[in-house]
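Visitor: I should like a close look at one part of this model, namely its charged side-chain pairs and the setting in which they lie. Please take me through that part in one connected account.

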Amino acid sequence: MSLSLTLLLCLGGDERAPAAPAGSGLLRASEDGAPELGILLRPFYTFSAKEGGLGSEDVSGSVFEDLDLWLGQWTRAFAWKVSADLEDGSAALEDAWARVRLRDDVGLTVGQFKPRVVRSGSILEEALLFRSRTFLGAAFDVWDDGFELATHGERWSATLALVDGANGSESDHFWSLRGEWELYESDLAEREGARGAENFLVSRLGVATFADVSQSANDGGGLAFDLALTYGPYSLAGEWAHLQDEFVREVDVFNGHVFDLGDGDPMSFTFARRVGPEFEAALRYQRAEDADDTTATLLAVTWARAGAA
């Protein structure tokens with residue numbers, strides 16, 4: 001069991017723009033369209049006998065997970081963003097993309113970005129409940145060069161992405177197609193948990209298919225489903241994927257525990273309850289269904305300033 005106490009500090013804007021909001025528009029526009037600057041600090045305290053069931057030694061103490069700096073601009077016609085991770089003392093480029101609105105309901109993103117495959121992989125770091133993403137989320141938490149088309153209706157959205165993939169600029173790039181449906185009239189917020197949730201049921205269903213060449217000579221792909229809902233102070237999220245044996249992604253979670261995800265049906269379930277305006281408790285179970293049958297049961301208590309996105 002892993003217990004994580006999270007301190008969240010996000011400066012310079014209420015949130016960074018989501019990859020593809022459903023229903024409410026493709027581009028987030030600030031009131032004056034001025035550039036925005038933000039800093040994210042994400043320190044943790046962790047205690048675990050085997051760090052969520054992974055590894056062989058006790059793990060405890062403070063962990064500095066993120067130090068990110070970003071600059072971006074969002075208007076109705078266009079958006080752009082550049083971000084870097086400064087955690088290791090050097091600037092590692094993450095986002096470097098520009099997005100234009102081709103028409104009211106179609107947007108095109110070009111540059112370096114994360115393709116939207118599973119919801120848990122696209123949620124921004126400051127909107128996570130746990131120190132790490134789910135196994136599936138971590139597998140698709142990858143910035144890559146390419147383009148993405150996004151379109152939306154009143155209660156649905158779809159994204160088609162084509163990026164370099166595991167073999168870089170060679171042939172057989174990674175592609176993904178994702179559809180999302182708001183099952184009720186309100187949009188589900190782009191964050192884990194129930195922070196800021198309405199006092200009525202809000203839910204989103206996502207379906208994605210994808211393919212890549214990754215540590216294999218042949219194309220490999222998969223199919224993924226995810227469902228997330230909030231109801232007052234409660235939230236529930238689940239995801240499942242079927243990965244072909246040719247599709248392999250290296251997943252690095254929990255203090256460098258690395259394993260290969262592929263040729264299986266990984267899944268996760270996350271339940272959270274908001275406790276007052278600033279605290280939230282969450283429980284997660286996940287199964288990788290890898291060669292070592294990796295599983296993890298995690299408990300997190302998270303604090304974020306009231307009103308943070």
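Guide: In this predicted model, the side chains of R204 and E190 meet in a salt bridge, with 2.5 Å from N to O. R204 belongs to strand 10 (residues 202-212), whereas E190 sits in the loop between strand 9 (174-182) and strand 10, so the pair ties together parts that are 14 residues apart in sequence. Both partners fall under the 20% limit for burial: R204 counts as buried because its relative accessibility is 2%, and E190 is likewise buried, with a relative accessible area of 13%.

This pair also has a wider setting. R204 and E190 are members of a network of salt bridges that further includes R116, R178, E180, E182 and D226. In total, the structure holds 14 salt bridges.

Strand 10 takes part in another such pair, in which the side chains of D212 and R249 meet at 3.5 Å, N to O. Here distant parts of the chain are linked, since D212 is in strand 10 and R249 in strand 13 (residues 249-253), 37 residues apart. D212 counts as buried at 1% relative accessibility, and R249 is buried with a relative accessible area of 13%.

The salt bridge between D105 and R103, at 2.7 Å from N to O, has another setting. D105 counts as partly exposed, at 24% relative accessibility, while R103 counts as exposed, at 52%.

Charged side chains also lie over aromatic rings. R99 is placed over the face of W97, 4.4 Å from the ring centre, and K114 is placed over the face of W143, 4.8 Å from the ring centre.

The nonpolar surroundings of strand 10 complete the picture. The largest nonpolar core has 32 residues, and those that touch the most other members are V117, F140, F174, F210, V251, F259 and L261. Strand 10 and strand 13 are among the elements that each supply at least two residues of this core, as are strand 3 (59-74), helix 2 (135-139), strand 12, strand 14 (257-261) and strand 17 (295-304). Helix 2 gives the largest share, four residues.

F210 deserves separate attention. Apart from its neighbours within four places in sequence, F210 is in contact with V117, F140, F174, W175, S176, G221, G222, L223, A224, L243 and F247. Three of these contacts, F140, F174 and F247, form one aromatic cluster with F210.

The aromatic pairs of the model come to a count of eight. One of them, W70 with W74, is edge-to-face, at 5.9 Å centre to centre and with 70° between the planes; both W70 and W74 are buried. In another, the rings of F225 and W240 have centres 5.8 Å apart and planes at 25°, so the pair is stacked. F225 lies in strand 11 (residues 220-231) and W240 in strand 12 (residues 234-243), so this pair ties together parts that are 15 residues apart in sequence. F225 is partly exposed, at a relative accessible area of 35%, and W240 is partly exposed as well, at 34%.

How values were computed
Residues are numbered from 1 along each chain as its sequence is written. This is a predicted model: local features need pLDDT of at least 70, side-chain atom pairs count only at pLDDT 80 or more; totals for chains, interfaces and linings use all residues. Side-chain values use heavy atoms; hydrogens and water are left out. Rings of Phe, Tyr and Trp (its six-membered ring) pair if their centres lie within 6.5 Å; planes under 30 degrees apart count as stacked, over 60 as edge-to-face and the rest as tilted. Buried means under 20% relative accessible area, exposed over 50%, partly exposed in between (1.4 Å probe, protein chains only). A charge sits over a ring if NZ of Lys or CZ of Arg is within 6 Å of the ring centre and within 35 degrees of the ring normal. A salt bridge is a side-chain nitrogen of Lys or Arg within 4 Å of a carboxyl oxygen of Asp or Glu. A nonpolar core is a set of buried Ala, Val, Leu, Ile, Met, Phe, Trp, Tyr and Cys residues joined through side-chain atoms within 4.5 Å. Contact means heavy atoms within 4.5 Å.
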